[in-house]
Amino acid sequence: MTELMTAAQMRATEEAAIAAGRTTGLALMERAGRAVVAAVFQRWPALSEGAHAALVLCGPGNNGGDGFVIARRLRDLGWAVTVQIFGDAARLPPDARRMHDLWAASGPVAPLGPCEGGVDLVVDALFGTGLTRPLPQAVAEAVARPSRGGDQVQRVAVDAPSGLNLDTGAIPGGQGVFLADLTVTFHTAKPGHYLGAGPAVCGQLVCADIGLGGSGGNLAGSPPAAGSLRLAEPVTADTGPGLRVFPGAAIAKLAATGHKYDFGHAVVLAGGVGRGGAGRLAARAALRAGAGLVTMLCPPAALQENAARMDAVMLRACRDAEAFEALVDDRVTALCLGPGLGVGERTRSLVAAVCARRAGARAGRDPAVVLDADALTSFAPAPDALFALLHPRCILTPHEGEFGRLFPDLALSARAGMSKVEAVRHAAARAGCVVLLKGADTVIARPDGAASLHAAVYDRAVPWLATAGAGDVLAGLIAGLAAPASAPELICVAEAAAWLHVEAARAFGPGLIAEDLPDMLPEVFRRVAG
Ligand SMILES: NC(=O)C1=CN([C@@H]2O[C@H](COP(=O)(O)OP(=O)(O)OC[C@H]3O[C@@H](n4cnc5c(N)ncnc54)[C@H](OP(=O)(O)O)[C@@H]3O)[C@@H](O)[C@H]2O)[C@@H](O)CC1
Ligand SMILES: Nc1ncnc2c1ncn2[C@@H]1O[C@H](COP(=O)(O)OP(=O)(O)O)[C@@H](O)[C@H]1O
Ligand SMILES: [K+]
């Protein structure tokens, strides 16, 4: 787990370290530039041998300052280096100006334009965390300009590919961005490296330590703090099996013993005749995830169909909300509804009945409630009616379409400069419960602004997970992981579910259909258990 910092938080961290006398801006810039060169040599070892040629594009701020350090370092190693600048060197901020002058003492600086000779490496040090608006025309042309070179010209971005907003992962203006093979960022990654267009334009991401102190790594074991944002990624304990802390700690059967009721009873409410597949996927995932027992409730007419398809999952007929009340007892610890349930009044009344259930005499806390798909869409005409029913042990798991129906002002098309993280934080605050907004970049937030980003990008990309029913499996996974008495709080359960979902998809590989996902879980669990 790594804390992800916005541009403002990064600036504040840097300023605090400088104010405390722990470092200087110049020292940080020198380390940043050197770290980029080291990362280039690591990625392309051939470039670390012999002299090559580079084009370094420098911008008007401190990102440009890093560029001058890189130019000097490469030249000292014998490279032929061409440096071009956007803007006026006389107006560079002080540290960048100093690095410019160190370079300019023995090398020329030209304005942006075509590069005369061929190059092996293009360095984008135009804009980093300071990008505030779309790239000016001259810069957009410079980042798009093809470079002449050998077999392959490698492209490295300093902190960010210029044109990418590091807070949002958006490309302001929609076009004009450096397409990098490698992006080297400093201290911690930023949300934009993982959100939206970020991964596609960053190529590969490397985070370099520049001596700013603790970078907020290894935050697992406890839930995220209010207002913070972390990356949901495995954390290994100092001793013992790998991946034990995250996600291992969220998988009850890896950590505890007990009888089946200790691992909880998950209930999945499924749809009518011919529409039960989604509910069955969720139920199977809940059982595989570790719920002690899973019961599926379906309309009486669908009983036979479901009975023919399921064995370990128990089955009961449930006509309506009234019947529901009679069917569940206080040993039910997690409920999941929405997949295949149908849009309309019946679903709304079932949601109301499910959300009204509270901790019974034997349970320590309210049952977890996972609301997905039709349970969300049924409230599109009146989202406030849904929010009035929700409690903190509820989690909404929309995709972007469902999210837009409940939160029209936060929909993808209405977000403008707002990041997906901010949108989900607002949604969670409004709903009063955890919200998980799906995608290759899955964002999870709690009403107090604690947030987590799970990214299936870079070497964890699983485009084959975009398959019908995958979301139903995720909803069931959350219910199954939330059911045990020892389950952590919901936001941690959701982080683990998102990670396991993608690991199951990675373990299966291309060709995956939703049915395959629950049955890949044992293999993933074996790896987690070490
Ligand atoms: N923080 C740290 O710990 C460390 C940071 N380091 C490095 O510093 C970088 C951040 O530096 P930074 O703050 O100077 O921002 P940067 O990205 O150079 O751009 C700012 C300039 O661009 C301008 N500008 C913005 N958008 C524009 C546009 N579309 N079109 C035209 N102009 C535009 C903006 O002008 P303004 O918006 O003020 O008019 C301002 O002049 C960071 O990414 C990293 O590489 C490292 O050295 C190590 C330690
Ligand atoms: N390109 C992708 N990379 C990784 N995960 C993806 C991608 N596209 C979709 N997913 C995941 O697949 C699931 C799809 O869910 P959803 O849209 O609700 O589909 P359905 O309703 O058919 O089950 C979500 O968990 C989402 O995060
Ligand atoms: K850059």
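This text describes the surroundings of two ligands in a predicted model, and then one pair of packed helices.

The shell around ligand 1 consists of 29 residues, of which E14, G61, N62, G128 and G130 are the closest. Three elements each contribute two or more residues to this shell, namely α1 (7-19), α2 (25-43) and α3 (62-76). The largest share, five residues, is supplied by α3. In terms of residue class, the surroundings of ligand 1 comprise 14 nonpolar, 10 polar and five charged residues.

Ligand 2 is surrounded by 18 residues, and those that come nearest are H399, K438, A440, A466 and G471. Helix α16, which spans residues 470-482, gives the largest share of this shell, four residues. Sorted by class, the shell around ligand 2 contains 10 nonpolar, six polar and two charged residues.

Some of these names recur in an annotation. An unreviewed UniProt entry lists K438, G439, A440, D441, T442 and G471 under "binding site". These positions are spread over 34 residues of sequence, yet they cluster in space, with a largest C-alpha distance of 13.8 Å.

Two of the listed residues can be followed in detail. K438 lies in the loop between β16 (434-437) and β17 (441-445). K438 counts as buried because 22 C-beta neighbours fall inside 10 Å, the threshold for this label being 20 or more. When residues up to four places away in sequence are not counted, K438 touches T397, H399 and G471. Both H399 and G471 also appear among the residues that come nearest to ligand 2.

A440 is likewise located in the loop between β16 and β17. With 20 other C-beta atoms within 10 Å, A440 is therefore classed as buried. Once its neighbours within four places in sequence are left aside, A440 is in contact with A456 and V457.

The final part concerns the helix pair. Two packed helices are described by the angle between their axes and the distance between the axes. Helix α17 (residues 490-508) and helix α18 (residues 516-529) pack at an angle of about 90°, and their axes are 8 Å apart. Since angles of 65 to 115 degrees count as roughly perpendicular, α17 and α18 are therefore described as roughly perpendicular to each other. On the α17 side, the contact involves L500, H501, E503, A504, A505, A507 and F508, which meet D516, L517, M520, L521, E523 and V524 of α18. By class, this contact has nine nonpolar, one polar and three charged residues.

Technical notes. Residues numbered from 1 in each chain as written. Chains lettered and ligands numbered in written order. Predicted model: local features only at pLDDT ≥ 70, side-chain atom pairs only at ≥ 80, totals over all residues. Near = placed C-beta within 6 Å. Nonpolar A, V, L, I, M, F, W, Y, C, P; charged D, E, K, R; others polar. UniProt positions renumbered as here; feature names shortened; annotations may be inferred. Buried ≥ 20, exposed ≤ 12 C-beta atoms within 10 Å, placed from the backbone. Contact = placed C-beta atoms within 7 Å. Axes fitted to C-alpha atoms, helices over the stretch in contact; angles between N-to-C directions. Parallel < 35°, antiparallel > 145°, perpendicular 65-115°, else oblique.
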